[in-house]
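Visitor: I should like to understand how terms are assigned to a protein model. Please show me the structure, and I shall ask about the reasons.

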Amino acid sequence: MTKYCLIIGAGALLGLVAPRAQAATPLIDKIVFGDAASEAQHAVDTKASELVVGGLGASARRLTPASPDGRFSGDLTFKLTVDPTIQNYASIRLWGGDVNDNKLTLFCDGKQVGYRHLGDVEILDIGTQAPPFAGRFTYRTFPLPTTLTKGRAQLDCAIRASGPFAVYTNQFEGFQKPMTQASRPIYGLYVHAAPFLATDEPTGQAPAAAGRRPSVGAEVLDDLKARVNAEVERQLARPGPVQVLEAQFLARAYGLSWTKAYRNPLVAQKIIQSGDAFFARYQADPKSVHVDSSRTNPDWEVLGPFGKALRLLAPEISKELDATIASSNGAPISRREAYGAMLNYGLDYALAHRRVYTNQSMIIDLQAIYYSNEGLRAIGSAKARPEPQMRQYLYEAMGLKPWTGSLDAVGKPTYSSSARDTGGFRSGDDYRLFTNQGLSKELGYVGSYGEILDWATGIYLATVRGPGDAGDPTLRAQLLKLAKARTYFRYPALDGEGAPTMLLEAPIGWRDPVYPGATTYVQKSGWDNTPFYTAVATRDPQLMAIARQMLDDNQYFAVLRERLKDKGQRTTIGLLEAYDEWEAVRAWPRSKTRLPMTAGQPDFVFADPEDGVVALKNGEDVLYASLYWRANCGVNNLARFHYQTPRTDRIATIAARIDFTSSGQTCVRQATPHISAGAIPIIAYPGEAPAALEGEILPVAKAPPEARYRPGADNPYAGRGYYYQAAYGPYLIAMNAGAKASLTVDLPPSSRTRIDLVTRRVVEPSTRSLTLKPGQTAVLYTPVQ
């Protein structure tokens, strides 16, 4: 049984809760840290903290490292008043100009409130990597579990700080880093009954940004070119072979006129030398094709990058393919046969080890499957499969066809990541990796992990056979759909230098443990791509205009400056096309087209019922909502909001209504305070407190009859509803996520006119119901008086 209070409709109608105007929220309790009277009233023990004067001259307390290993602070303890009969919410007040990656965790009555890593209820604060809301305050809101508050008028609580997290590790010592500075100042803690917190306190205002630009210019391109050319020279000067990714790097640089690899005959020689070495390694141990310490996740690529190199240099290496090299038994073997054997081994492995998470599937299907086969085709191997057969995997990776999973021993699709039927995971027959609106499903909306336009663009470009070829038109159309869906998830902000920028929406992302998101216009720049990759690949007018917007804001050079701080090999490879793409964008004519959230652009609502997500711009309001929120193993009746006005930033996890068809199964929250559910490895802390939500039973929604998942594991069906409803501030969202039936929504009486921001229809106070067609969303806005 859920431990959150829900809004339940009567009969066959779905009941809605009227949104409230943004008057000051009635409070159950409030602690002002640094205020002597408030601290005395709440028995605050300040020994672990230091008093500071922070934003707008307000008092606050911050926690300093105290544990012997420097990982944790001491405890800031206090008593907190709650209502013993209702769902209580708690909010923390923080300064939006902080740059502090330390974490803050709340403990009450010996239990941890919220989960450390990607929980559906997060810890008190996950820190900041850049100023998220300069010059103003930000609030984080979450539900206090009723297991703590029921029948209680007061709780004994503590706030503890810890250092940053390193998420890609399974060990406490690696995951929990030491604190290198004091925590963020904590200004206030509030307890309230309504999920939305509005206060009468000063909020601040954004610093003047007109005319400000990042302090970097085109000189960063000189640094980039110098870095690439230094790497080319280093690789070509090596007496021995290069590694798999380095082979692809040289082959790509061979076609770029400004590099020292351009039409350099040493490149083809180095590719052949390296291919011979790969074959020798393969003969000694075939697993070296997918076990390779020189790369991250080599099992997702196998020898696909080498296959791409062979395709790029096919004319230059063709005369070497019939020459013989030594096999492991000493008998001669032609390079064509040798390379074909190891590429085919990798291709078979990849076909038997596909993955269902969207970004992972795209990498495997492009790099490991398609480019391994393209390598076979480039060398004229008899082992090559027909290209249209391999292109079907690209269609699956792009959501154009259902995902069919790995192949079993006889080549039959398993709809699973495993080639063997282990009795565990199996997707539904019609499960697709992208929604109809163009967002990836991991399992819901993801911010950084959803920025897979690099792989989507690579998939499209893999079908472009040369200059003047348009490539696969279906893949191109899907790429543009994906790219334009992501444009709604960039919002205006100020960067660390106070210059205007656009940030990726991260707070409502399922797999986003950071705040704020990165500077992002067309696409987020990562290991394997540049900010202009998709725009230049497609020359789509809207995307090119957005790329031009980034260039005009001078954020392109700022992003490249940050990327160049990463000295890794993949970053060097990923930036290869940055100079030529800059040339293309700066030559593109300016237009009035901008990212949708840019100030001055028209209001809009973007809704995606499959991911349960909404993005809207309403005047100066920016609102993001995930109504399907981190429900990995069951229906949690929670929604996540990120709501910005010019003066206040709010991130809130609140109770929501989710209607679903039950499977009859349940998922029980465990004692671990590390994660709420899912496949992430559990990391135990020394002497850790149990999760406050331990023992909560979550109902599991019904999946297609052919689908199969282990209890407690990530499940794209377990937490989904066919109807979502949540109200926050002046906004109420009602979403029919079902594909078959219309729903009648019962509206409560109201004395005020509302507006459906989707249809722009005025909803009069006398209106008593609303009908939502399958896939339709209504966003009812009550103008603030």
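Visitor: What makes the contact of Glu-451 and Arg-490 a salt bridge?

Guide: A salt bridge is a side-chain nitrogen of Lys or Arg within 4 Å of a carboxyl oxygen of Asp or Glu. The side chains of Glu-451 and Arg-490 meet at 2.9 Å, N to O, so the pair fits that definition. This is a predicted model, in which local features need pLDDT of at least 70 and side-chain atom pairs count only at pLDDT 80 or more, while totals for chains, interfaces and linings use all residues. Residues are numbered from 1 along each chain as its sequence is written, and side-chain values use heavy atoms, leaving out hydrogens and water.

Visitor: Why is Asp-552 called partly exposed?

Guide: Buried means under 20% relative accessible area, exposed over 50%, and partly exposed in between (1.4 Å probe, protein chains only). Asp-552 has 25% relative accessibility, so the term partly exposed applies. Its salt-bridge partner is Arg-590, with the closest N and O atoms 3.2 Å apart.

Visitor: Why does Arg-590 count as exposed or buried?

Guide: The relative accessible area of Arg-590 is 58%, and therefore Arg-590 is exposed.

Visitor: How do you know whether Asp-659 and Arg-657 are buried or exposed?

Guide: Asp-659 has 14% relative accessibility and therefore counts as buried. Arg-657, at 7%, counts as buried too. These two residues also form a salt bridge, their closest N and O atoms being 2.8 Å apart.

Visitor: How many salt bridges does the structure hold?

Guide: The structure holds 53 salt bridges.
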